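Trainee: I would like to learn how to read a protein model step by step. Could we go through one together?

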Amino acid sequence: LAQESTEWNQTPLLDGVKLENSTMLDQNTAVVADTAHALLKYPNRILAEDWDEWIFRRSYNHVSVIATSKGVETPVKVAKNKWPLLLTSKMSRGRISYVDLDLQHQWMNLHAGSFKLLANLLSH
């Protein structure tokens with residue numbers, strides 16, 4: 001889940017991924033999601049309405065991926081500028097995923113879409 005940028009940037013879990021604190025990504029920030037990506041279709045299909053009615057903010061950081069980062073997939077991005085919000089990469093025996101979405105506030109608000117996404121992340 002979302003990390004503090006200073007800590008992450010010192011020892012990133014995904015090579016070539018950098019974080020910068022941002023207050024620009026409020027709850028109304030539009031997202032674009034790759035609905036064909038496995039993280040967004042199994043075991044729950046994440047639909048367009050699952051991104052509606054979020055509270056507080058959409059994300060904590062501006063996430064950037066260096067062009068040389070190989071194998072990093074970005075199934076969820078900010079619609080306007082394509083900043084990644086969810087990244088995943090194959091590792092030797094599985095995947096590592098980084099989610100910068102503000103899921104904690106959505107869970108406290110009992111937002112159904114955020115719980116569907118959590119279940120998908122845990123199943124992968």
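Mentor: The questions below go from the whole chain to its sheet and then to single residues.

Mentor: Before we begin, note that this is a predicted model, in which local features need pLDDT of at least 70 and side-chain atom pairs count only at pLDDT 80 or more, while totals for chains, interfaces and linings use all residues. Residues are numbered from 1 along each chain as its sequence is written, and side-chain values use heavy atoms, with hydrogens and water left out.

Trainee: Which pattern of helices and strands does the chain follow?

Mentor: Helices (H or I, at least four residues) and strands (E, at least two) are DSSP runs, numbered from the N terminus. The chain holds 3 helices and 6 strands. Read along the sequence, they give the pattern α-β-β-β-β-β-β-α-α.

Trainee: What radius of gyration does the chain have?

Mentor: The radius is taken over C-alpha atoms, and the globule rule is 2.2 Å times the number of residues to the power 0.38. For 124 residues, a compact globule would come out near 14 Å, and the chain agrees with this because its own value is 14 Å.

Trainee: In what order do the strands of the open sheet lie?

Mentor: Two strands pair if DSSP finds at least two bridges between them. The open sheet has 4 strands with antiparallel pairing, and its edge strands, β2 (31-33) and β6, each pair on one side only. Reading across the sheet, the order is β2-β4-β5-β6.

Trainee: Which residue of β6 is the bridge partner of Ser89?

Mentor: β5 and β6 (residues 94-99) pair in the antiparallel sense over 6 bridges, and a hairpin of 2 residues joins them. β5 is also joined to β4 by 4 bridges, again antiparallel, and there Ser89 is the partner of Val72. In β6, the partner of Ser89 is Ile96.

Trainee: Which elements give two or more residues to the largest nonpolar core?

Mentor: A nonpolar core is a set of buried Ala, Val, Leu, Ile, Met, Phe, Trp, Tyr and Cys residues joined through side-chain atoms within 4.5 Å. The largest one has 18 residues, and those with the most contacts inside it include Trp51, Val76, Leu86 and Leu117. The elements asked for are β4 (72-78), β5 (84-91), α2 (103-108) and α3 (112-123).

Trainee: Is Leu117 buried or exposed?

Mentor: Buried means under 20% relative accessible area, exposed over 50%, and partly exposed in between (1.4 Å probe, protein chains only). Leu117 is found in helix α3, and, not counting residues up to four places away in sequence, this leucine touches Leu39, Leu40, Ile46, Trp51, Leu86, Leu101 and Leu103, where contact means heavy atoms within 4.5 Å. Because the relative accessible area of Leu117 is 2%, the residue counts as buried.

Trainee: What relative accessible area does Asn61 have?

Mentor: Asn61 has its place in strand β3 (residues 61-65). Leaving aside neighbours within four places in sequence, the contacts of Asn61 include Gln3, Ser5, Leu19, Tyr98 and Asp100. Asn61 is buried, and the relative accessible area is 1%.

Trainee: What share of the 124 residues of the chain counts as buried?

Mentor: We have seen two buried residues, Leu117 and Asn61, and the same cut-off can be applied along the chain. Of the 124 residues, the share that counts as buried is 38%.
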